[in-house]
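Student: I should like to learn how to read the features of a structure that is new to me. May we go through it together?

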Amino acid sequence: MRGAVYAVPDGSRPLTVDLWLPEEAAVPVPVVVFVHGRAWRTGLRNDFGPRFRSWQPGPFARLARAGFAVACPDYRLSGEVSYPAQTDDLTAALAWLHTRADDLGPDTPRTVLWGESAGGHLAALTALTHPVRTITATVTWYAATDLPKLAEDRPKGAYDPKDRDSFEALLLGGAPADRAEAARDASPVTHVGPKAPPVLLLHGVADTLIPARQSVRLAQALRAAGHHPDLRLLAGGDHLWVSLCEQDVEDCYVRTVDFARRCTHDAEEAL
């Protein structure tokens, strides 16, 4: 299923979702909801990133072959509307999947949110603010998690929280320094609580756009709340897995699929 409309926000374009399903599934299957990146400003729902565009079969088809339903939703970009519209859209996509589950086959009580870059930020934020027991697990790849700390985490002078043209400012509707409360609310670390789902965080140590310290901050917040996040820092990896060898990129993907399989299996056993 490609381009199914899941919501039409007031005054906005229709929001659509692509859905991949395993060819032969005798029972309802767990769901991976993939959230695309590109700085909240651009990007396509079916784009896994430049390191995956040559894969045959592609990453979504591989997930379906591994026994997952895969949903890839649009969301409104920062040039259209400010935060929190993006997480509102993901929440609407999750609700749409749940209401269509009987027709389409996904077992929505076993849902993994997986995002890369800006999509990882939105995946974590949605999972941590969503009603309990509706998200089984969350995966973030090289995502921002603590917007007020970006200037501290990046090299001195590399990031100006007063810059009204930064990607974060465009998301928030104003410079992070001027929208301090919004920046805090838009940070996954703010919303960590005792009922957070399992989280896998992958980040390249050499990331020059979103420092790996951002993933460390979320992992620390989760540990402080009594959780056991899986944090993997990849030596030499830059944003979008630039500079990683093909084997390491493949390992990031396989590690994530294994995490999703383990978490959804555990959730099924608990039902």
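Student: What should the 12 residues of helix 4 (residues 118–129) span at 1.5 Å a residue?

Tutor: This is a predicted model, in which local features need pLDDT of at least 70 and side-chain atom pairs count only at pLDDT 80 or more, while totals for chains, interfaces and linings use all residues. Residues are numbered from 1 along each chain as its sequence is written, and side-chain values use heavy atoms, with hydrogens and water left out. Helices (H or I, at least four residues) and strands (E, at least two) are DSSP runs, numbered from the N terminus. The expected span of a helix is 1.5 Å times one less than its number of residues. For helix 4 that gives 16 Å, and the end C-alpha atoms are 17 Å apart, which agrees. Helix 2, with 15 residues, reaches 21 Å from its first C-alpha to its last, close to the 21 Å expected.

Student: How many residues of helix 4 are buried?

Tutor: Buried means under 20% relative accessible area, exposed over 50%, and partly exposed in between (1.4 Å probe, protein chains only). In helix 4, 11 of the 12 residues are buried, so this helix is largely enclosed by the rest of the structure. Among them are Gly119, His121 and Leu125. In helix 2, the buried residues include Asp89, Leu90 and Trp96.

Student: How are two packed helices described?

Tutor: They are described by the angle between their axes and the distance between the axes. Axes are lines fitted to C-alpha atoms, for helices over the stretch in contact, and angles run from 0 to 180 degrees between N-to-C directions. The axes of helix 2 (residues 85–99) and helix 4 come within 10 Å and cross at roughly 65°. That makes helix 2 roughly perpendicular to helix 4 (under 35 degrees is roughly parallel, over 145 roughly antiparallel, 65 to 115 roughly perpendicular and the rest oblique).

Student: Which residues of helix 2 meet helix 4?

Tutor: Contact means heavy atoms within 4.5 Å. Gln86, Thr87, Leu90, Thr91 and Leu94 of helix 2 meet Leu122, Ala123, Leu125 and Thr126 of helix 4.

Student: Where is histidine 239 found, and why does this residue count as buried or exposed?

Tutor: Histidine 239 is in the loop between strand 8 (230–234) and helix 9 (246–270). Its relative accessibility is 9%, so histidine 239 counts as buried. Leaving aside neighbours within four places in sequence, histidine 239 is in contact with Ser117, Tyr142, Asp207, Leu209 and Ile210.
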